[in-house]
Amino acid sequence: MNLKNFYRIYILSFYSTEAYIVIAEKWRHWGLGFLLYLSLFVSAVSTIGFFILLSLVDFNSKPVVELLDQIPIIQLEDYKANLVDKTIKQPLRIKYPNSNRDLVIIDLDIKGEVQYNEPSIIFTNEKIVFNIETGANLAFSYKELLENTDIKEINAETIISFLKIGKKSILSILLLLGIPLGSLMYFVITLLKSMFYALLANLIMKVFGSRLFNLKKLARLSIVANAPAISISMLIAILLPTLNFNSTIQSIVGSIYIFYFVFGIMAYSRKKDNI
């Protein structure tokens, strides 16, 4: 498959029953070429979008400073963090404005690996962690950040300096590794998911005695159904950024994917029934 064919099938996958019929009946391969192009496309759009968004963030703006002023003073002794106000219950969660999503989580009882998966900034006993949308994270120990400074406590001013360090590191990683790593992750995860649903559909059809489909045809339809699913979900994420990415958006992706997979199966089935 070349790039021109990919874009044609990509657009048709949103609405064309004929496209799904051709995909199931006439493609000679499993659809891995289409999935490779889709992985590159999704990774490139996500990486560029996140890069632009992060580049535009101004940590010195009034709304950011007012938000960070909600963070209590954290005292550092031998690069270990403790709250000055011992009456504050942990984990302390500071939300985005007009949203239920966590921006900052303070859990100074954590002395090892961070167990939080949602995108946020996390303060632990020994380090600050930047969780990003993919579930990956960047961690910096207080010693690493403050070893050559006289800083003995963390407040809004020191947090802004941490954020600037994290921003530079994330931007550098995005430039170097964002598209290739993102493409590889999306390709592997989507291939496994697509084959699972193709196998499941194949098993159901065998139980009901249908011989209209084989595994290869179902795999093609399953793979192509990912194109409208991920695209519509990315658009929703852009238009409604306050949604919880790790639950709501993934549910939307799954629902739209199943709809288009069934859409492809029904289109091919009706065509065969009319012959």
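Which residues in H7 meet which residues in H8? The legends below take that up first and then move along the chain; the model is a predicted one.

**View 1. Helices H7 and H8 side by side.** Here we're looking at H7, residues 215–224, and H8, residues 226–239. On the H7 side the contact is made by Ser-222, Ile-223 and Val-224, and they meet Asn-226, Ala-227 and Pro-228 in H8. Sorted by type, the residues of this contact come out as four nonpolar, two polar and no charged. The two helix axes come within 4 Å and cross at roughly 15°. Angles under 35 degrees count as roughly parallel, so H7 is roughly parallel to H8.

**View 2. The largest nonpolar core, with Phe-261 in the middle of the story.** This core has 35 residues, and Phe-34, Leu-38, Leu-218, Leu-221 and Phe-261 have the most contacts inside it. Plenty of helices chip in: H1 (3–12), H2 (17–26), H3 (32–56), H6 (156–207), H7, H8 and H9 (245–273) each give two or more residues. H9 supplies the largest share, seven residues. Now zoom in on Phe-261: leaving aside neighbours within four places in sequence, Phe-261 touches Tyr-197, Ala-198, Ala-201, Leu-218, Leu-221, Ser-222 and Ala-225. There's also a second, separate core of 31 residues, and Ile-74, Leu-76, Leu-103 and Phe-123 are among its members. As a rule of thumb, nonpolar side chains in soluble globular proteins tend to be buried together.

**View 3. The open sheet S2-S1-S8.** Three strands line up in that order, with antiparallel pairing. S2 (80–83) and S8 (153–154) sit at the edges with a single partner strand each, so one side of each has no neighbour in the sheet. S1 (residues 74–77) is joined to S2 by four bridges. Two of the pairs to look for are Ile-74 with Leu-83 and Gln-75 with Asn-82. At the turn of the S1 and S2 hairpin there are two residues between the strands, and Asp-78 takes a positive phi near 55°.

**View 4. Two faces of strand S2.** Follow the side chains along S2 and you'll see them alternate. Ala-81 and Leu-83 point to one face and are buried, whereas Lys-80 and Asn-82 point to the other and are not. That puts the S1 partners in context: Leu-83, on the buried face, bridges to Ile-74, while Asn-82, on the other face, stands opposite Gln-75.

**View 5. The S3 and S4 hairpin.** S3 (residues 92–95) and S4 (residues 102–106) pair in the antiparallel sense over four bridges. Arg-93 is the one to find opposite Ile-105 in S4. This hairpin has six residues between the strands, and Asn-98 takes a positive phi near 55°.

**View 6. Lys-111 out in a loop.** Lys-111 lies in the loop between S4 and S5 (120–123). Is Lys-111 buried or exposed? Exposed means over 50% relative accessible area, and Lys-111 has 56%, so Lys-111 is exposed. Even so, Lys-111 has company: apart from neighbours within four places in sequence, Lys-111 contacts Asn-125 and Glu-126. The C-alpha atoms of Lys-111 and Asn-125 are 5.5 Å apart, though 14 residues separate the two along the chain.

**View 7. The whole chain, for orientation.** Zooming back out, the chain has nine helices and eight strands. Of its 275 residues, 40% are buried. Among contacts with a separation of 6 or more, 62% join residues 24 or more positions apart.

Conventions: Residues numbered from 1 in each chain as written. Predicted model: local features only at pLDDT ≥ 70, side-chain atom pairs only at ≥ 80, totals over all residues. Heavy atoms only, no water. Axes fitted to C-alpha atoms, helices over the stretch in contact; angles between N-to-C directions. Parallel < 35°, antiparallel > 145°, perpendicular 65-115°, else oblique. Contact = heavy atoms within 4.5 Å. Nonpolar A, V, L, I, M, F, W, Y, C, P; charged D, E, K, R; others polar. Core = buried A, V, L, I, M, F, W, Y, C linked by side-chain atoms within 4.5 Å. Buried < 20%, exposed > 50% of the residue type's maximum accessible area, 1.4 Å probe, protein only. Pairing = 2+ DSSP bridges.
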